[in-house]
Amino acid sequence: MSALAEAVVDLGAIAGNVRTVAAVTGTDLMAVVKADGFGHGAVPVARAALGAGAGWLGVTSAAEALALRDAGITAPALSWLHRPDDDFAALIRAGVDVGVSTTTHLHAIVDAARQVGVPATVQLKVDTGLSRNGASGDDWPEMVAWARKYEVEGGIQVRGVWSHLADADVPGSQCLPRQVATFEEALRIARHAGLHPDLVHLANSAAALSAAGTRFDLCRVGLALYGVDPFGASGPGAFGLRPALTLRTTVVNVKRVPAGTGVSYGPEYVTGRATTLALLPLGYADGLPRAAEGRAQVWLGDRRRPIVGRIAMDQCVVDVGDLPVAIGDPVVVFGADDAAPSVTEWARWAGTNPHEILTGIGARVGRHHIHEGAHIS
Ligand SMILES: *Cc1c(COP(=O)(O)O)cnc(C)c1O
């Protein structure tokens, strides 16, 4: 390994997770590969997910969608967050569906379609309670009316109607049934206006796995694709998902120190007895959250050991006690192995969610893709 730390991504786990989720939902799946595939590498993850039967790819930005096309991926794809002056012509030429949340964007998309001479394929987004993107209130019937007019004129084709849920990962959510009802009403309005969307979608991972009434034609799967249980179960989840990413490194220095030795900046940790410290060459610039100080652990040797003192930009220190450790010993920060800490635990230690830990893995960390059965050592 040439990088100081490495993210090993098992594409076999990605493929397995697609099959696991599809078996539960019975629908087509959109593999959500935004933010570089939640830090796993958008292109290899996209290929693995499509190979396992996912029919769609979902990304946030036009740039992310075009990067998939540049890599030669021609599968159906949707991008959903755009500036009004984005290059919609490029998306239309690339055959990427455009998520539309405002009439301002719709007008710009139709202008671009006129330039290109090809209708844009759009998926209209309704806000059902998240209060972020999507048309809400009177803006929805207005956007739908414009969309119908443009469809009749040949500027666009409305393929989909969709929305996003606020708290599907909270068991017994009060929000979710209200969002479903609002969504169904929005669909009625769209159909009444003369639209015939044949791709209706609402569910993210948590909803796809647990709320049958949210599944419609397609489920958009992010977290579960990467093998993280959206309900936070640690260890082998109830759904049989397998974490795809293992963040690993190597001990680069070892020292025996007496009691009373300060460790890292501050120092906020002082050894209570003679002990052995192992230095790891990754820190918050690589995605280890400083907020996990005092709780975080890694897998080193044959057990979990605590990170002690402040997590610095590039380094952190593990207290290994009296156990033998040598320069070059392998370390798993978090990973697929049940014994090692999980990304969900890291998220809890840092007071955040697994998404933030995964997307926070720094650019300096090497990415290494393996296929199921390949050996992680
Ligand atoms: C990120 C995202 C998803 C994936 O959500 P998960 O909870 O990770 O499955 C789905 N839909 C939209 C619109 C998103 O932005």
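Helices (H or I, at least four residues) and strands (E, at least two) are here DSSP runs, numbered from the N terminus. The model is predicted: local features need pLDDT of at least 70, side-chain atom pairs count only at pLDDT 80 or more, and totals for chains, interfaces and linings use all residues. Residues are numbered from 1 along each chain as its sequence is written, and side-chain values use heavy atoms, with hydrogens and water left out.

**Exercise 1. Locate Q315 and describe its surroundings.**

Step 1. Q315 sits in the loop between β16 (303–308) and β17 (316–321).

Step 2. Its relative accessibility is 39%, so Q315 counts as partly exposed; buried means under 20% relative accessible area, exposed over 50%, and partly exposed in between (1.4 Å probe, protein chains only).

Step 3. Contact means heavy atoms within 4.5 Å. With neighbours within four places in sequence left aside, Q315 is in contact with L279, L280, L282 and G283.

Step 4. From Q315 to A203 the C-alpha to C-alpha distance is 39 Å, and the two are 112 residues apart in sequence.

**Exercise 2. Give the overall make-up of the protein chain.**

Step 1. The protein chain contains 11 helices and 19 strands.

Step 2. Its C-alpha atoms fill a box of roughly 80 × 40 × 40 Å along the principal axes.

Step 3. Of the 377 residues, 52% are buried.

Step 4. Among contacts with a separation of 6 or more, 66% are between residues 24 or more positions apart.

**Exercise 3. State the domains and the contact between them.**

Step 1. The domain assignment, with bounds from an automatic or database source, gives domain 1 (11–226) and domain 2 (245–375).

Step 2. The C-alpha centres of domain 1 and domain 2 lie 37 Å apart. Nine residues from domain 1 and 10 residues from domain 2 form the contact.

**Exercise 4. Describe the nonpolar cores.**

Step 1. A nonpolar core is a set of buried Ala, Val, Leu, Ile, Met, Phe, Trp, Tyr and Cys residues joined through side-chain atoms within 4.5 Å.

Step 2. The largest nonpolar core has 117 residues, of which L124, W140, F334 and W346 touch the most other members. This core lies between domain 1 and domain 2 because both give residues to it.

Step 3. Another core, apart from the largest, has five residues, among them V263, L277, V308 and V317.

Step 4. Residues up to four places away in sequence not counted, W346 touches several residues, including L288, P289, V333, F334 and I357.

**Exercise 5. Characterise the packing of α7 and α8.**

Step 1. Two packed helices are described by the angle between their axes and the distance between the axes.

Step 2. Axes are lines fitted to C-alpha atoms, for helices over the stretch in contact, with angles from 0 to 180 degrees between N-to-C directions. The axes of α7 (residues 139–153) and α8 (residues 175–192) come within 9 Å and cross at roughly 35°.

Step 3. W140, P141 and V144 of α7 meet A186, I189 and A190 of α8.

**Exercise 6. Find the backbone exceptions at P267, A35 and F38.**

Step 1. G266 and P267 are joined by a cis peptide bond with omega of about -20°. P267 belongs to the loop between β12 (262–263) and β13 (269–270).

Step 2. A35, which is not a glycine, has a positive phi of about 50°. A35 is in helix α2 (residues 34–38) and is partly exposed, at 38% relative accessible area.

Step 3. F38 also has a positive phi, near 50°. F38 lies in helix α2 and is buried, at 5% relative accessible area.
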